[in-house]
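Student: I would like a close look at one part of this model. Please take me through the site where the ligand sits, step by step.

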Amino acid sequence: MLTVAVLISGTGSNLRALLDAASHPDFPARVVVVGADREAAGFAHAETFGIPTFLVPWSHFDSREEWGAELAAQLRVWTPDLVVLSGLMRLLPADVVHEWAPNLINTHPAYLPEFPGAHGVRDALAAGVAETGASVIVVDDGVDTGPILARERVPVLPGDTEHTLHERIKPVERRLLIDVVRRVATGELDLAAAAAVPPEPTR
Ligand code: GRF
């Protein structure tokens, strides 16, 4: 059974979907802990499922490195096989990335390498593209630059706002995340091998 830690900042709808999937007896992974950098609304989902939580408030630390060191210390307590960044709106310091990668994955609401960064949905809308997407990647030292594990196109529709487009992307993001976690757990997807493939150049 693959053990998974999930890090969030927000409402945790992707976390909720993973918790729902992992509650099925046939699913080969279990969420063992949920962490956040703030009092995230998504903690409520962890509580619903009886999953422990930890909070490492960004605002309590003087530097990214000190915050990351505490986050890593909390994660070590749970010795997860896989760490999932599911809407964590902070960049992890490099030493934390190096400690967990390639067993550290991130979901992103765009078709990477298109529209990396914190505003992937807004940036796709501003660019006027007909399609954007959702991706799951291995985290590396860059911003959404790691090897792509799964991605899928999502149409941009006339009249879309950032909210409506994001709400169309999220179900795809959830499905991709659950499928990646399942494939990692069954051994069908080897993260070390995937991480050894050079990433596509950013356009
Ligand atoms: C997801 O689209 C994630 O990729 C982005 O923020 C969203 C998180 O939503 N960075 P939620 O907290 O899972 O509802």
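Tutor: Start with the elements that build the site, and keep in mind that this model is predicted. α1 (13–22), β5 (104–108) and α6 (162–186) each give at least two residues to the shell around the ligand. Among the contributors, α6 gives the most, with 3 residues. Now step back to the domains. Domain 1 (1–100) and domain 2 (105–203) each provide at least three residues of the shell.

Next, the residues themselves. There are 13 residues around the ligand. Thr-11, Gly-12, Ser-13, His-166 and Glu-173 come nearest. What is the mix of nonpolar, polar and charged residues in the shell? The shell has 2 nonpolar, 9 polar and 2 charged residues.

Now look at single atoms. Find Gly-12 and stay on its backbone. A polar backbone atom of Gly-12 is 2.7 Å from an oxygen atom of the ligand. Move on to Asn-14. Here a backbone N or O atom lies 2.9 Å from an oxygen atom of the ligand. His-166 uses its side chain instead: a polar atom there lies 2.6 Å from a ligand oxygen atom. How much of the ligand does the protein bury? Taken alone, the ligand exposes 370 Å², and the protein buries 89% of that. The ligand also takes up the space of the largest pocket.

Finally, follow the chain on both sides of β5, a strand that supplies at least two shell residues. On one side is the loop between α4 (94–100) and β5, where Pro-102 is found. The peptide bond from Ala-101 to Pro-102 is cis, with omega near 5°. On the other side, the loop between β5 and α5 (120–127) holds Pro-113. Leu-112 and Pro-113 are joined by a cis peptide bond too, with omega about 10°. Phe-115 also has its place in the loop between β5 and α5. Its phi is near 50°, a positive value in a residue other than glycine.

To trace the site yourself, begin at Gly-12 with its 2.7 Å backbone contact. Then go to the side chain of His-166, at 2.6 Å. End at β5, and look along the loop that holds Pro-113.

Notes
Residues are numbered from 1 along each chain as its sequence is written. This is a predicted model: local features need pLDDT of at least 70, side-chain atom pairs count only at pLDDT 80 or more; totals for chains, interfaces and linings use all residues. Side-chain values use heavy atoms; hydrogens and water are left out. A residue is near a molecule or strand if one of its heavy atoms lies within 4 Å of it. A polar contact is a pair of N or O atoms within 3.5 Å; within protein, one must be able to donate a hydrogen and the other to accept it, and residues adjacent in sequence count only if both atoms are side-chain atoms. Accessible areas come from the Shrake-Rupley method with a 1.4 Å probe; for residues, only the protein chains shown count as cover. On a 1 Å grid over the protein atoms alone, a cavity is a set of points where a 1.4 Å probe fits but cannot get out, and a pocket is an open set with protein on both sides within 12 Å along at least five of seven lines; lining residues have an atom within 4 Å of a point. A molecule sits in a cavity or pocket if more than half of its atoms lie within 2 Å of its grid points. Helices (H or I, at least four residues) and strands (E, at least two) are DSSP runs, numbered from the N terminus. Ala, Val, Leu, Ile, Met, Phe, Trp, Tyr, Cys and Pro count as nonpolar, Asp, Glu, Lys and Arg as charged, and the others, Gly among them, as polar. Domain bounds come from an automatic or database domain assignment.
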